[in-house]
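Colleague: Before I rely on words such as buried, paired or core, I would like to hear what stands behind each of them. Could you take me through the reasoning?

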Amino acid sequence: MNVQTYCEAVEIKDLQHKLLAPSIWVRENHSPLVSLLDTSFNLIFEPSISKDYQYLVREDIFIKIGRISKQLDRQNKILIVRSAWRSSEHQQLLWDSKFAYYRKKHPEKSNTEIKEIISYFIASPTMSMHATGGAVDALIYDKLEDRVMDFGTNNGLEINLSKKCYPYYPDISPEAKKNRALLIGLFEDENFVCDLKEYWHFDYGNVVWAIEKEKEYAIYGPIT
C-alpha cells in the first residue's frame with residue numbers, strides 16, 4: 001500500500017470512529033486510578049507539562065504495564081511512560097503549549113492551519129481518552145544503545161507531529177518499522193489497541209477500545 005492510500009484509509013476510519021463514539025455505551029467498572037510512580041516496575045517517566053503529575057492509570061492497566069515492563073527487562077530495554085490520565089485542565093495546557101510551539105516553529109502558517117495540525121494528534125479537553133484513565137502514551141529506551149529507540153518521527157523524547165506518526169506509515173526506515181512493531185506488539189498482547197494516528201498512544205477499556213474491539217460497551221468513562 002502506498003503512502004497516499006494508507007493515509008486516506010486511516011483518516012476515513014478515524015472519522016468513522018469519531019462519529020460512532022458518542023453512541024457507545026459506557027458500563028463503568030469503577031477500577032480506581034493508581035499511580036505508576038508507586039511501583040517497583042522498571043519505568044522511565046517523561047517529564048510532564050503538568051506540575052506534580054502522578055502518571056495515574058486504572059488499576060487493571062497498572063497490572064498490564066507491570067507485565068510489559070518485565071518483558072522489556074529481558075531485552076535490556078525500559079518502557080518510557082509519556083503520559084497517562086489527564087484532567088481537562090492538563091489537556092488544555094498541553095493543547096495550548098503545542099499551539100505556541102508550532103506558532104513559533106511555523107510563522108508562515110495561519111492560526112487555523114496550526115490548529116488543524118494539532119487537532120490531528122491532540123484531542124480537545126472534552127474528547128481526550130486520557131480523561132478515562134484508559135490511555136497510555138509510551139516509547140522505549142534501549143539500555144545497550146543508551147538512547148530512546150528510533151520510531152521514525154522522534155528525536156529522543158521529542159516527536160515531530162506529521163502523518164508519519166500513523167502507526168503503519170509505509171515510508172519510514174526498516175529500523176523504525178521494527179521498533180514500532182515491538183512497541184505496538186507489547187501493548188496489543190495486553191489487549192490494548194493502538195491509536196489510528198499515533199504509534200505511541202494505546203487505549204484499553206474506553207470508547208476507542210470498545211469500537212476497535214467491537215465490544216458492546218466500554219468499561220471506562222471519563223474521570224473528572
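**Rings, core and strands**

Modeller: Ring pairs link Phe187, Phe192, Phe202, Tyr204, Trp209 and Tyr220 into a cluster. Please keep in mind throughout that this is a predicted model.

Colleague: What makes Phe187 and Phe192 an aromatic pair, and why is the pair called edge-to-face?

Modeller: The structure holds twelve aromatic pairs. In the one formed by Phe187 and Phe192, the ring centres are 5.0 Å apart and the planes meet at 80°. Rings pair if their centres lie within 6.5 Å, and planes over 60 degrees apart count as edge-to-face, so both conditions are met. Phe187 and Phe192 are both buried as well.

Colleague: How do you know that Tyr199 and Trp200 also belong in the edge-to-face class?

Modeller: Their centres are 4.9 Å apart, with 90° between the planes, and because edge-to-face asks for planes over 60 degrees apart, the term applies to Tyr199 and Trp200.

Colleague: Why are Tyr199 and Trp200 called buried?

Modeller: Tyr199 has a relative accessible area of 0%, and Trp200 has one of 4%. Buried means under 20%, so the word fits Tyr199 and it fits Trp200.

Colleague: What makes you say that Lys64 lies over the face of Tyr204?

Modeller: Lys64 is at 4.5 Å from the ring centre of Tyr204. The distance limit for a charge over a ring is 6 Å, with a further condition on the angle to the ring normal, and Lys64 is therefore counted as lying over that face.

Colleague: Which residues have the most contacts inside the largest nonpolar core?

Modeller: That core has 54 residues, and those with the most contacts inside it are Leu36, Ile61, Ile65, Leu79, Leu139, Leu183 and Phe187. Among the elements that give two or more residues to this core are helix 2 (59-73), strand 4 (77-83), helix 3 (88-105) and helix 5 (174-188), while the largest share, six residues, comes from strand 5. Apart from this core lies another, of eight residues, including Tyr6, Cys7, Val10 and Ile172.

Colleague: What does Ile61 touch beyond its neighbours within four places in sequence?

Modeller: Ile61 is in contact with Gly133, Gly134, Val136, Phe192, Tyr204 and Tyr220. Of these, Phe192, Tyr204 and Tyr220 are also named in the ring cluster.

Colleague: How do you know that strand 5 is mostly covered?

Modeller: Eight of its eight residues are buried. Ala135, Asp137, Leu139 and Tyr141 point one way from the strand, whereas Val136, Ala138, Ile140 and Asp142 point the other way, and all are buried.

Colleague: Why is Asp137 called buried, and what surrounds it?

Modeller: Asp137, which lies in strand 5, has a relative accessible area of 4%, and because buried means under 20%, the term holds. The side chains of Asp137 and His130 are joined by a polar contact of 3.3 Å. Leaving out residues up to four places away in sequence, Asp137 touches Ile80, Val81, Arg82, Ser83, Arg86, His130, Trp200 and His201.

Colleague: Why is Lys197 called buried, and what makes its link to Asp14 a polar contact?

Modeller: Lys197 lies in the loop between strand 9 and strand 10. Its relative accessible area is 8%, and the limit for buried is under 20%, so Lys197 qualifies. The side chains of Lys197 and Asp14 approach to 3.3 Å; a polar contact needs suitable N or O atoms within 3.5 Å, so this one falls inside the limit.

Colleague: What makes strand 4 and strand 5 a pair?

Modeller: Six bridges join strand 4 to strand 5, and at least two are needed, so the strands pair; they run antiparallel. Leu79 stands opposite Ile140, and Lys77 stands opposite Asp142. Strand 4 is also joined to strand 2 (residues 43-45), in the parallel sense, by three bridges, with Leu43 opposite Leu79. Because seven of its seven residues are buried, strand 4 is largely enclosed by the rest of the structure.

Colleague: How do you know that strand 5 pairs with strand 6?

Modeller: Two bridges link strand 5 antiparallel to strand 6 (residues 147-148), and since at least two are required, the pairing is therefore accepted. Asp142 stands opposite Arg147. The two strands form a hairpin with four residues between them, and Asp146 in the turn has a positive phi of about 55°.

Notes. Residues are numbered from 1 along each chain as its sequence is written. This is a predicted model: local features need pLDDT of at least 70, side-chain atom pairs count only at pLDDT 80 or more; totals for chains, interfaces and linings use all residues. Side-chain values use heavy atoms; hydrogens and water are left out. Rings of Phe, Tyr and Trp (its six-membered ring) pair if their centres lie within 6.5 Å; planes under 30 degrees apart count as stacked, over 60 as edge-to-face and the rest as tilted. Buried means under 20% relative accessible area, exposed over 50%, partly exposed in between (1.4 Å probe, protein chains only). A charge sits over a ring if NZ of Lys or CZ of Arg is within 6 Å of the ring centre and within 35 degrees of the ring normal. A nonpolar core is a set of buried Ala, Val, Leu, Ile, Met, Phe, Trp, Tyr and Cys residues joined through side-chain atoms within 4.5 Å. Contact means heavy atoms within 4.5 Å. A polar contact is a pair of N or O atoms within 3.5 Å; within protein, one must be able to donate a hydrogen and the other to accept it, and residues adjacent in sequence count only if both atoms are side-chain atoms.
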